[in-house]
Amino acid sequence: MITQLTVNGIIAGCTYALVAMGFTIIYGTVRFFHFAHGAIVAVAAYTAWAFMAYLGMPFAMAAIISVVAAGGLGVLMDRFVYRPLRQRKSPSLILLLASFGMFLVVQNILQFVFGSDIKMLRGGAASEGHRLFGAVITSTQLWIVASSVILAVAALWFLRKTGFGKSIRAVADDQVAASLVGINSERTVSMAFFLGSALAGVAGILVALESNVYPAMGLNAVIKGIIAALIGGMGSIPGALLGGLLIGFAENVGVWGISSGWKDAISYAVLVAFLLFRPGGIFHTDLELRKV
Amino acid sequence: MIQRCWTHISEGSVTMLLKVNSLSAGYGHTEAVKDVTFNIDVGHITALIGPNGAGKSTLLKALSGTLESYGGTITRGDILLDEEPIAGLRADQLVAKGLTLVPDGRRLFTHMTVQENLEMGGFTVRDKELFGINFNRVLTLFPEIAPLRPRKAGSLSGGEQQMLAIGRALMINPKLLLIDEPSLGLAPRLLDNVFEKIANLRNEQIIGVVVVEQNVHEVLKIADSVVALKLGEAAYVGNAADLRNDDAKLKEVFL
Ligand SMILES: Nc1ncnc2c1ncn2[C@@H]1O[C@H](COP(=O)(O)OP(=O)(O)OP(=O)(O)O)[C@@H](O)[C@H]1O
Ligand SMILES: [Mg+2]
């Protein structure tokens, strides 16, 4: 039983980690809570579903298109909502409110277009599971774990080793200084939104494969993603990965013997414990909450 | 009221690097720089002086393309760099043209190491060899920085930070370098040191430098020309030597 709960925790944790990585990349660059990140998770899931259900597209192709669309949607949100606000020097509270607004608008559009009933990305019976230390893990679940780890490593490499990654770090540190060494900060922000939103898109498709597609699916994803990013240390990719796994593990194993309705409470309890005793998160980044 | 210094141009031996023509700039309804005109020659150090609030930093921000980030705008006038209009370009576009600013408050990447700050300074230098040349030149000019390279930039002393800020700006091998108050928070001895480096810089590489400075007597020792601002207007534009030997005139433009 405990191994099965652990496996479930890792699966959930991987999707949280992907959302958290995207969130943390964007937060690290623009320093506000991009709550509409959750809406992008849902849009990617619906896009994949629509391409498969309406056009009969194979899964892989639908998934790739949806991930690109998710990245593009993030860029559009930045370009047409956040950037004008930034240029007007709006405080981050205003940006957060705008972000909430966009989240709700997108969620309502999804509900209007697709209805509020639950959709499934994979028709048919659940695939045969593999046995692992007494727990059952399906092929889909193995895919989820593998793609999360690969994407985490790729994102880390991208941010640490490429010029683009360095420009993100520079813009995050000091935008004026970044422009004075020749970095186009608006373009850097756009790229950060694309990368972060594409990661959210992957998460949306994985969540859809594992459970269901419904308009409000982004809410749980973004809340758990934010908690994971905070626990890991805001701005840290390895932190987001570990934070996601920790939250997934805690809420699945924590409900052992009690109702699974306690999952959210457990996640919040873990967050509160971190905020009290290690506010910088696992990796103790200096991008603490006061800078939100 | 505006005295122009044409001597260098008439000599024909020096070329003009920057031309500022009736430039006005400000923040919303406050006009901080009013109708300022002057030229900067290649290989010259220009001292930009004037009392607090005269508009010196605003002028440098306007020249470097960073004014918008501070909520300001250029309202009138032209800026020509090598005869090419540059007013309204962003700072990153100006870096590509060889102009950068060491801003007030230095604005280092405080979360990065000294080494990383220098590397970020050369972010746009794609040629590895050129990058290496620039890097070595900075370390030759500021040997004090070399042993500090593993440290976080935020942990350096004021003087060290100032040298790093200038060093970072030099990584693009600029043809025009603007420096805002390098002396801020520095001990007088360090101040001499930093000024000496700026003078060396001009002697070794033929670049234009504009230095904003409150220590007028100090900066006049190294400057070739002077632009004095007073309430946003140019109170004196001309030769540094004339001002150096004329205390009465110096008092007049500065008070
Ligand atoms: N970001 C800003 N927003 C609004 N007004 C500003 C801003 N920065 C400067 N000012 C105003 O513009 C005027 C010129 O300021 P500026 O900083 O250019 O002066 P300065 O000559 O550099 O002074 P100091 O020697 O004190 O550095 C001042 O009246 C100042 O209050
Ligand atoms: Mg100033």
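How do the residues of the shell around ligand 1 divide into nonpolar, polar and charged? Keep that in mind as you look around; this is a predicted model.

**First stop: ligand 1.** Select ligand 1 and display what surrounds it: you should find 13 residues. Five of the shell residues are nonpolar, six are polar and two are charged, which settles the opening question. The closest are G53(B), K56(B), S57(B), T58(B) and Q214(B).

**Next: the polar contacts.** Pick S57(B), where a polar side-chain atom sits 2.7 Å from an oxygen atom of ligand 1. Now move to G55(B); here a backbone N or O atom is 2.9 Å from an oxygen atom of the ligand. Then click on Y70(B), which places a backbone N or O atom 3.2 Å from a nitrogen atom of ligand 1. With the protein surface switched on, look at the cover: of the 630 Å² of accessible area that ligand 1 has on its own, the protein covers 62%.

**Then: helix α2 of chain B.** Select residues 56–64 of chain B. This helix gives the most to the shell around ligand 1, contributing three residues.

**Last stop: helix α8 of chain A.** Switch to chain A and select residues 185–210, a helix of 26 residues. From first C-alpha to last, α8(A) reaches 38 Å, close to the 38 Å expected at 1.5 Å a residue. Zoom in on its start, where a side-chain oxygen of N184(A) comes to within 3.3 Å of the backbone nitrogen of E186(A). Is α8(A) enclosed by the rest of the structure, or open? Since 22 of its 26 residues are buried, α8(A) is largely enclosed.

Definitions and conventions: Residues numbered from 1 in each chain as written. Chains lettered and ligands numbered in written order. Predicted model: local features only at pLDDT ≥ 70, side-chain atom pairs only at ≥ 80, totals over all residues. Heavy atoms only, no water. Helix = DSSP H or I, 4+ residues; strand = E, 2+ residues; numbered from the N terminus. Expected span 1.5 Å × (residues − 1). Buried < 20%, exposed > 50% of the residue type's maximum accessible area, 1.4 Å probe, protein only. Polar contact = N/O pair within 3.5 Å; in protein donor to acceptor, adjacent residues only side chain to side chain. Near = heavy atom within 4 Å. Areas by Shrake-Rupley, 256 points an atom, 1.4 Å probe, with all protein chains shown as cover. Nonpolar A, V, L, I, M, F, W, Y, C, P; charged D, E, K, R; others polar.
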